[in-house]
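Let's take a walk through this fold together. Have the viewer open and follow along.

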Amino acid sequence: MKRGQKAWTFRPQKSPKPKVPENVKVEVETKANELVESFLKPEYIEPPPEDTRFNYVVDIYTKWYRSSFYFCAKYACPGPNAISPFFETKFARMEYAGDGFFNLSYMRHTKKWFEIFKGLSVDECLETIRDFPHFMP
């Protein structure tokens, strides 16, 4: 059987992502940490279950990586067959779009980010994370 012919194709360069200004970083981090402490932790962190077969959330935190701001959850794995005692996962991403606006995504069960909203302000992003069930840890 003959292999397929290779051909040159045009692939335009990706436009560079905008750099996040320091004042925007501070504002986002302050407001997001307030949301985590006032809503996400009380809502989703519960005492350890009596049945040790299941994982449970022990901490929720935020972090910047390049031009994206992530909401992360730390899970405990108490079962006897656990590979490690804890694991961490990201469940929401605010990607800086420029001019103080963000694109909001959530992590699907396929481990791929799915962008739901574009061009939201910081307050709109945080309100959406609080109100929409897509952004549960």
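What follows goes from the helix pair to the core, then to some single residues and two loops.

Keep in mind that this is a predicted model. A good place to start is the pair of helices, H1 (residues 22–44) and H2 (residues 122–131). In general, two packed helices are described by the angle between their axes and the distance between the axes. Here the angle is about 20°, and the axes of H1 and H2 lie 10 Å apart. Angles under 35 degrees count as roughly parallel, so that label goes to H1 and H2. As for handedness, the crossing of H1 past H2 is right-handed.

Which residues of H1 and H2 make the contact? On the H1 side, look for Glu27, Val28, Lys31, Ala32, Leu35 and Phe39. H2 answers with Val122, Asp123, Leu126, Ile129 and Arg130. Sort the contact of H1 with H2 by class and you get 7 nonpolar and 4 charged residues, with no polar ones.

Now turn to the core. The largest nonpolar core has 27 residues, and those with the most contacts inside it are Val28, Phe71, Met94, Phe102 and Ile129. Two of these names should ring a bell: Val28 and Ile129 also belong to the contact of H1 with H2. Where does this core come from? At least two residues each are supplied by H1, H2 and the strands S1 (56–65), S2 (68–76), S3 (86–98) and S4 (101–107). The largest share comes from H1, with 6 residues.

Staying on H1, pick out Ala32, a residue of that helix. Is Ala32 buried or exposed? Its relative accessible area is 0%, so Ala32 is buried. Beyond its sequence neighbours within four places, Ala32 is in contact with Thr62, Phe69, Phe71 and Leu126. Leu126 is on the H2 side of the helix contact, and Phe71 is one of the core residues with the most contacts. The C-alpha atoms of Ala32 and Ile129 are 9.9 Å apart, although 97 residues separate the two along the chain.

Val36 sits in H1 as well. With 2% relative accessibility, Val36 counts as buried. Setting aside neighbours within four places in sequence, Val36 is in contact with Lys41, Pro42, Ile60, Thr62 and Phe71. Thr62 and Phe71 were also on the contact list of Ala32. For a look in another direction, try Ser15: the C-alpha atoms of Val36 and Ser15 are separated by 33 Å, with their positions 21 residues apart along the chain.

The contact with Ile60 takes us from H1 over to strand S1, where Ile60 lies. Ile60 is buried, with a relative accessible area of 2%. Residues up to four places away in sequence aside, Ile60 touches Val36, Leu40, Lys41, Tyr44, Ile45, Cys72, Ala73, Phe91 and Pro137. Its C-alpha atom is 9.6 Å from that of Asn33, and the two residues are 27 apart along the chain.

Phe91 leads on to Ser105, since contact lists can be read from either end: Phe91 touches Ile60 and is also in contact with Ser105. Ser105 is found in strand S4, and at a relative accessible area of 0% this serine is buried. Besides Phe91, the contacts of Ser105 beyond four places in sequence are Ala92, Arg93, Trp113, Phe114, Glu115, Ile116 and Phe135.Phe135 turns up again with Thr128, a residue of helix H2. Thr128 is buried at a relative accessible area of 10%. With neighbours within four places in sequence left out, Thr128 is in contact with Leu104, Phe117, Leu120 and Phe135.

Finally, visit two loops. Arg66 is in the loop between S1 and S2, and has a positive phi of about 55° although it is not a glycine. This arginine is exposed, with a relative accessible area of 66%. Lys111, in the loop between S4 and strand S5 (113–120), is not a glycine either, yet has a positive phi of about 65°. Lys111 is exposed too, with a relative accessible area of 61%.

Key
Residues are numbered from 1 along each chain as its sequence is written. This is a predicted model: local features need pLDDT of at least 70, side-chain atom pairs count only at pLDDT 80 or more; totals for chains, interfaces and linings use all residues. Side-chain values use heavy atoms; hydrogens and water are left out. Axes are lines fitted to C-alpha atoms, for helices over the stretch in contact, and angles run from 0 to 180 degrees between N-to-C directions. Helices (H or I, at least four residues) and strands (E, at least two) are DSSP runs, numbered from the N terminus. Angles under 35 degrees count as roughly parallel, over 145 as roughly antiparallel, 65 to 115 as roughly perpendicular and the rest as oblique. A crossing is left-handed if the near helix is turned anticlockwise from the far one by less than a right angle, and right-handed if clockwise. Contact means heavy atoms within 4.5 Å. Ala, Val, Leu, Ile, Met, Phe, Trp, Tyr, Cys and Pro count as nonpolar, Asp, Glu, Lys and Arg as charged, and the others, Gly among them, as polar. A nonpolar core is a set of buried Ala, Val, Leu, Ile, Met, Phe, Trp, Tyr and Cys residues joined through side-chain atoms within 4.5 Å. Buried means under 20% relative accessible area, exposed over 50%, partly exposed in between (1.4 Å probe, protein chains only).
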